[in-house]
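Q: Please take a close look at one part of the surface of this model. I should then like a connected account of other local features.

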Amino acid sequence: MTEKRNISQIQRRLIPSYIFLVIVSLISVFPFYWMISAATNQTVDIARGKITFGTHAIENFNNLVSSQNLWGSLANSFIYALVQTIIALFICSLAGYGFELYHDKYKDLVFSILLLAMMVPGVATMIPLFKMISDVGLLNSVWGFILPSISTPFLIMMFRQNSRNFPIDIMEAARMDGVSEIGIFFRMYLPVMKATYAAAGVITFMNAWNAYLWPKVVMTDKAAQTMPMLIANMSNGYSVDYGLLMMGVLFCSVPTMVVFFVLQKQFAEGITGAVK
């Protein structure tokens, strides 16, 4: 009885915490709810502050498809984000793997210099990057979009830190069995570090999908625009159709939410450095 009474007292003490968490959760979820509900309403209803669902979802969708290059922008964003994610994961994981598991007296100095690049604002390098991309004729191309971001100090640091949990004994045993260094990386390192790859993939995909400033600089052709650029173009002008705009925002938000929810378990494991 005493034990049950103690458990009951503990549960009563936790009630304010649960109430607080519920309130915070509702506040966090409300912007997503408002985005979805606004996509089903007209501009007049949204301006009046209506937060319930309306009956104009199909109309807003048809107007969006007829007035904007929705499918082309979605395809561009998917291609750019997917290609950038795949290449960035390969390059950054290979760099992090080398920095941590291969010993060299200069590697810490090189890594320190690499980390200094994180302190340089991206805007400061945008003009020289644009000049380089323009000179080699990569404007309005997937390579012009991804080249400045396929190797980032943050991802390299992330892979290096998580590589410290990689069992060295596996490498030594593989070398004794005659496995090449490339074979060790692809056949042993990749499967063991899959949680880190998932976390880095989510981060890279979201950054690539939501990128706006750099694509705005290098994608001068309307046929090459991405979803964030399409949304920005829709919000320009003297009169904005907010129902149409929110329908576009909904289409822009869904892919990143799907990617995160599908990989959220692996994302949490990768961020905490879990190795399997």
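**A surface patch and its setting**

A: Val24 lies in helix 1, which spans residues 2–38. The model is a predicted one. Val24 belongs to a nonpolar patch on the surface, together with Leu14, Tyr18, Phe20 and Leu21. The accessible area of these residues together is about 480 Å². Val24 has a relative accessible area of 34% and is therefore classed as partly exposed, since that class lies between the limits of 20% for buried and 50% for exposed. A residue needs over 30% relative accessible area to enter a patch, and Val24, at 34%, satisfies that cut-off.

A second partly exposed residue is Asn140, whose relative accessibility is 29%. Asn140 sits in the loop between helix 6 and helix 7, the latter covering 142–146. Its backbone deserves attention: Asn140 is not a glycine, yet has a positive phi of about 60°. Most residues other than glycine have a negative phi.

Helix 6 (126–135) also leads to the largest pocket, as one of the elements that give two or more residues to its lining. The volume of this pocket is about 730 Å³. The pocket is lined by 23 residues, of which Gly122, Pro148, Ser149, Ser151 and Thr152 are the closest to its centre. Besides helix 6, the elements giving two or more residues are helix 8 (153–163), helix 11 (194–210) and helix 12 (213–218). Helix 11 makes the largest contribution, with 4 residues. In class, the lining comprises 15 nonpolar and 8 polar residues, and no charged ones.

How values were computed. Residues numbered from 1 in each chain as written. Predicted model: local features only at pLDDT ≥ 70, side-chain atom pairs only at ≥ 80, totals over all residues. Heavy atoms only, no water. 1 Å grid on protein atoms, 1.4 Å probe; cavity = no way out; pocket = protein on both sides within 12 Å on 5 of 7 lines; lining within 4 Å. Points joined across faces, edges and corners; volume = space filled by probe spheres on them. Nonpolar A, V, L, I, M, F, W, Y, C, P; charged D, E, K, R; others polar. Patch = residues over 30% accessible without salt bridge, like charges linked within 9 Å, V, L, I, M, F, W, Y side chains within 5 Å. Areas by Shrake-Rupley, 256 points an atom, 1.4 Å probe, with all protein chains shown as cover. Salt bridge = Lys/Arg side-chain N within 4 Å of Asp/Glu carboxyl O. Buried < 20%, exposed > 50% of the residue type's maximum accessible area, 1.4 Å probe, protein only.
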